[in-house]
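Here are my notes on the model you asked about. Have a look at it first, then read on.

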2 protein chains.
Amino acid sequence: MHAVQFKSFGSPTEVAECVELADPGPLAADQALLAVEATPINPSDVLTLTGQYGTLPRLPATPGNEGVGRVLAVGSDVKNVRVGDVVLLPVGTGTWREKIAAPAARLIPLPTSADKLQLAMLAINPPTAYLLLRDVVELKPGDWVVQNAANSGVGSYLIALAKLRGIRTVNVVRRESLVEPLRAAGADAVVVDGDDLAKRVAQATAKAPIRLAIDAIGGESTMRLAQCVAPGGTIANYGALSGQACRVAPQDLIFRQVTLRGFWLTKWFTSATPADQQAVFGELVKLMVDGTLRTRIEATYPFAKIKEALAHAMRPGRDGKILLVAAT
Amino acid sequence: MHAVQFKSFGSPTEVAECVELADPGPLAADQALLAVEATPINPSDVLTLTGQYGTLPRLPATPGNEGVGRVLAVGSDVKNVRVGDVVLLPVGTGTWREKIAAPAARLIPLPTSADKLQLAMLAINPPTAYLLLRDVVELKPGDWVVQNAANSGVGSYLIALAKLRGIRTVNVVRRESLVEPLRAAGADAVVVDGDDLAKRVAQATAKAPIRLAIDAIGGESTMRLAQCVAPGGTIANYGALSGQACRVAPQDLIFRQVTLRGFWLTKWFTSATPADQQAVFGELVKLMVDGTLRTRIEATYPFAKIKEALAHAMRPGRDGKILLVAAT
């Protein structure tokens, strides 16, 4: 089978290669064999290839953390899935390969009619958006949050999830052309990033106090979000699209008691109860199957074109996700 | 009487002037008239003159937030102080003047034998150090904290207050010549700031987990402190000696769950109970009178030399506090 593999950390398009690996060996009684149908390239995958992510695999390794598969075979004890079922791949198992063997108990069956490309992106970005809105500060209907990178995967899910809870979003983007599409997608306000951001955000929200800012960019963009939140507000950083350290002015930290912290989904996976995880995933599957949660897809590539796919995923100004898909 | 006054915000040595003002008018029954004997120049005073502080007075105004005075006269109802007593000036009352009238109830009498220059610095920096160690994270004897600007007023008080509680300090300084003096003053470890700070701090502490970092500098110095704390650690910023925004790498925020927040003594003055404030000040007076709390003094100036005093207080590499004192 085809699989993506890397033997050293470095430039993703150089170190990632499509190789031929043997199919997974005979199934254990509790396992299922899956054909991977779609698996996305996330920013965390790029950081894993460069060696900059928070947890790194022993090398050689196959990247990829989520996706959708079809059951090809099941072990003798497996009851919860059947051959032909469409399932979510277990998170963090190296999904950029054509076939994968997994404990059947970890598989979440999906309606066969569902949009597989959208569902392939369910396990990382939607819970990130969901938990950023749930676990950082307590928000109630009518409250405002501000986020940058509003056009990203997490950004688009966050707009939809906030709307469901009656939370209003001010969305910061880097170009004017994104204003209308985000409004159409449910954004309450959209502003273009720049020096007087706090002033324009205050206009857009009629000066409502904003207790939560969500930052995926870092650098000066974090500093401008710090100026947008109310005294005592919190900035939750979950990404570093600028490649720069987050900056916050001491005036905002000291005189306005703003707090900067990070959010890491991996931490939630290791610390949340199984019941909480099932509840969150159950809700997200439902919202993705009924079309409430969607994000834009810019292109799909077969595993054999991994270098082109990575180059595309890393291109500035990209306007949708890149996924690897099974050759048809 | 002589008083310092400024009529606009700007360069401190330009806007601050020594002027002649009328003495305070007739005393109310509950007031005392004080001769200001010593009042320090703090960084917050400089930021007030430039207009960058968190609260700003209406202009024209007299700067100065703390000091020591001698009672010259008391109103008819005053019982708690007598003419000739040495007292702490009430905090935040514009103390850079020769005479000040104040509600007697707010005055804290001091032993007449005590070191007036040291006591003049009791109300701002010692409680800042005390509360940074008490209110940000819970610390127990044997725990380590790391601080930069360890040679500052707050820094030297913090070393002494930590020692009293059995908390160990790693002190980050900008030049090698400060290592021995700080060790002599009770620092458990002293390291010179630089790129591999986290590594050298880990060596100095035998890799003990550090849950609190205290930052008065901002910029890259904050970023290096973030690398020194353990996962889940907190950086408390209370100053911006570099003039730069605090920086923290998203890796530290996200993967290591480091939090950055601010500390502002003014916030504590407005939110802490009177009982808590009295307890803290009572303890600090005792520690200053018995000599446990001391900081270096570099020079004193009369009110008439305010411009020279400010220029001196703002000089890089200064190695002790600057105070204004009554002409002798």
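1. Some ground rules before the loops and strands: helices (H or I, at least four residues) and strands (E, at least two) are DSSP runs, numbered from the N terminus. This is a predicted model, where local features need pLDDT of at least 70, side-chain atom pairs count only at pLDDT 80 or more, and totals for chains, interfaces and linings use all residues. Residues are numbered from 1 along each chain as its sequence is written, chains are lettered from A and ligands numbered from 1 in the order in which they are written, and side-chain values use heavy atoms, with hydrogens and water left out.

2. Confidence next. The average pLDDT (the predictor's confidence in each residue, from 0 to 100) of chain A is 96, and 100% of its residues score at least 70. For the complex, the predictor gives an ipTM of 0.92 and a pTM of 0.93.

3. How are the two chains related? Chain A superposes on chain B after a rotation of 180 degrees with 0.0 Å of shift along the axis, at an RMSD of 0.0 Å. That is the relation of a two-fold axis. The fit is by least squares on the C-alpha atoms of residues with pLDDT of at least 70 in both copies. As for the interface, 100% of the interface residues of chain A are also interface residues in chain B, so the copies meet through the same surface.

4. On to the overall fold of chain A, which has 12 helices and 16 strands. Its radius of gyration is 20 Å, close to the 20 Å from the globule rule for 328 residues, so chain A is as compact as a globular protein of that length. (The radius is taken over C-alpha atoms; the rule is 2.2 Å times the number of residues to the power 0.38.) The C-alpha trace spans about 65 × 40 × 35 Å along its principal axes.

5. Of the 328 residues of chain A, 55% count as buried, where buried means under 20% relative accessible area, exposed over 50%, and partly exposed in between (1.4 Å probe, protein chains only). Among contacts in chain A (heavy atoms within 4.5 Å) with a separation of 6 or more, residues 24 or more positions apart account for 68%.

6. Which helix 8 residues of chain A are buried? They are Ser221(A), Thr222(A), Met223(A), Arg224(A), Leu225(A), Ala226(A) and Cys228(A). With 7 of the 9 residues of helix 8 (residues 220-228) buried, this helix is largely enclosed by the rest of the structure.

7. Strand 6 (residues 99-103) of chain A is two-faced: Ile100(A) and Ala102(A) make up the covered face, while Lys99(A), Ala101(A) and Pro103(A) are on the uncovered one. Strand 6 runs antiparallel to strand 3 (residues 31-40) of chain A, joined to it by 5 bridges; pairing takes at least two DSSP bridges. Lys99(A) is the bridge partner of Ala35(A).

8. Backbone oddities, starting with the prolines. Leu59(A) and Pro60(A) are joined by a cis peptide bond, with omega about -5 degrees. In chain B, Leu59(B) and Pro60(B) are likewise joined by a cis peptide bond, omega about -5 degrees. Pro60(B) sits in the loop between helix 2 (43-50) and strand 4 (68-74) of chain B.

9. Finally, positive phi. Lys207(A), not a glycine, has phi near 60 degrees; this residue lies in the loop between helix 7 (197-204) and strand 11 (210-215) of chain A and counts as exposed at 71% relative accessibility. Gln257(B) has a positive phi of about 55 degrees and is partly exposed, at 21% relative accessible area.
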